[in-house]
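Student: Please show me how to read the features of a model like this one, a step at a time.

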Amino acid sequence: MTRDKFVAVISIACVCFAASSLNAATVPAGTPLAIRTTSSISSQDPVGRTFAAQVEQDVGVKGNVLLKAGTKAFGKITSSRANPRRSAPLTLQLTSISVNGRNVAVRTNSVQPGSPQRTAQQARHGFTAGTLVVTPGTKMQFQLAQAVTL
């Protein structure tokens with residue numbers, strides 16, 4: 001009796017695993033991800049600070065929509081002007097996308113939103129002036145650097 005229950009439980013687990021594998025889909029590297037920010041980002045924010053966004057357009061592969069517009073996405077600041085000794089342009093990357101209630105890690109290219117004003121001297125020496133603020137609702141285009149299995 002116990003053996004029969006054990007076999008039944010293992011069988012059900014295998015069927016569930018097989019069914020979930022059939023539903024898994026892969027978004028290939030190089031796929032563009034248009035997003036719209038839902039939080040404010042500043043060039044004075046520290047490197048590593050996270051930000052929230054939403055997928056702006058459906059993402060499809062071979063005619064199947066894998067990510068619907070409005071899907072939550074999260075990213076981080078990879079460079080900023082927060083440290084005056086290592087000042088760099090504001091650079092962002094996406095780090096995860098929320099799919100069916102779980103966050104799936106992603107790797108994307110880096111994006112530099114907008115550009116603050118530069119003086120001629122600053123341009124010669126490679127640094128910028130002023131604070132760049134990315135407001136909620138700003139559209140940005142990222143590209144997957146690595147395939148993602150959803």
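Tutor: Begin with a single residue: arginine 36 counts as partly exposed, at 29% relative accessibility. The classes are buried (under 20% relative accessible area), exposed (over 50%) and partly exposed in between, with a 1.4 Å probe and protein chains only. The model is a predicted one, in which local features need pLDDT of at least 70 and side-chain atom pairs count only at pLDDT 80 or more, while totals for chains, interfaces and linings use all residues. Residues are numbered from 1 along each chain as its sequence is written, and side-chain values use heavy atoms, with hydrogens and water left out.

Student: Which residue does the side chain of arginine 36 meet in a salt bridge?

Tutor: In general, side chains of opposite charge can pair when their charged atoms come close. The term salt bridge is used here for a side-chain nitrogen of Lys or Arg within 4 Å of a carboxyl oxygen of Asp or Glu. Arginine 36 forms one with glutamate 56, at 2.8 Å from N to O. This pair links distant parts of the chain, since arginine 36 lies in strand β2 (residues 32-37) and glutamate 56 in the loop between β4 (50-55) and β5 (59-61), 20 residues apart. Strands (E, at least two residues) and helices (H or I, at least four) are DSSP runs, numbered from the N terminus. Glutamate 56 is partly exposed because its relative accessibility is 25%.

Student: What other residue meets glutamate 56 in a salt bridge?

Tutor: Lysine 139 does, with an N to O distance of 3.8 Å. Here too distant parts of the chain are linked: lysine 139 sits in strand β11 (residues 139-143), 83 residues from glutamate 56 in the β4-β5 loop. Arg36, Glu56 and Lys139 thus belong to one network, joined by salt bridges that share partners. Lysine 139 counts as exposed because its relative accessible area is 55%.

Student: How many salt bridges does the rule give?

Tutor: The count is 3. One of them pairs arginine 49 with aspartate 45, at 3.2 Å from N to O. Arginine 49 is partly exposed at 28% relative accessibility, whereas aspartate 45 counts as buried because its value is 17%.

Student: How many helices and strands does the chain have?

Tutor: There are 2 helices and 12 strands. In sequence order they give the pattern α-β-β-β-β-β-β-β-β-β-α-β-β-β.

Student: In what order do the 6 strands of the open sheet lie?

Tutor: Strands are taken to pair if DSSP finds at least two bridges between them. On that basis the order is β9-β8-β7-β4-β2-β11, with antiparallel pairing. β9 and β11 are the edge strands, each pairing on one side only.

Student: Where can I follow the pairing residue by residue?

Tutor: Take β2 and β4, which pair antiparallel over 3 bridges. Arginine 36, already met in the salt bridge with glutamate 56, has glutamine 54 in β4 as its bridge partner. Next, 6 bridges join the antiparallel strands β7 (residues 72-79) and β8 (residues 91-99), and lysine 76 stands opposite glutamine 93 in β8. Then β8 pairs with β9 (residues 102-105) over 4 bridges, again antiparallel, with isoleucine 97 facing its bridge partner valine 104 in β9. The hairpin of β8 and β9 has 2 residues between the strands, and asparagine 100 in this hairpin takes a positive phi near 50°.

Student: Which members of the largest nonpolar core touch the most other members?

Tutor: A nonpolar core is a set of buried Ala, Val, Leu, Ile, Met, Phe, Trp, Tyr and Cys residues joined through side-chain atoms within 4.5 Å. The largest has 26 residues, and Leu33, Leu92, Leu94 and Phe142 touch the most other members. At least two residues each come from β2, β4, β7, β8 and β11, and β8 gives the largest share, 4 residues.

Student: What is leucine 33 in contact with, beyond its neighbours within four places in sequence?

Tutor: Contact means heavy atoms within 4.5 Å. With those neighbours left aside, the partners of leucine 33 include Val59, Leu67, Leu94, Ile97, Met140, Phe142 and Leu144. Thr108 and Gln141 are also among them. For the chain as a whole, residues 24 or more positions apart account for 57% of the contacts with a separation of 6 or more. Buried residues make up 31% of the 150 in the chain.
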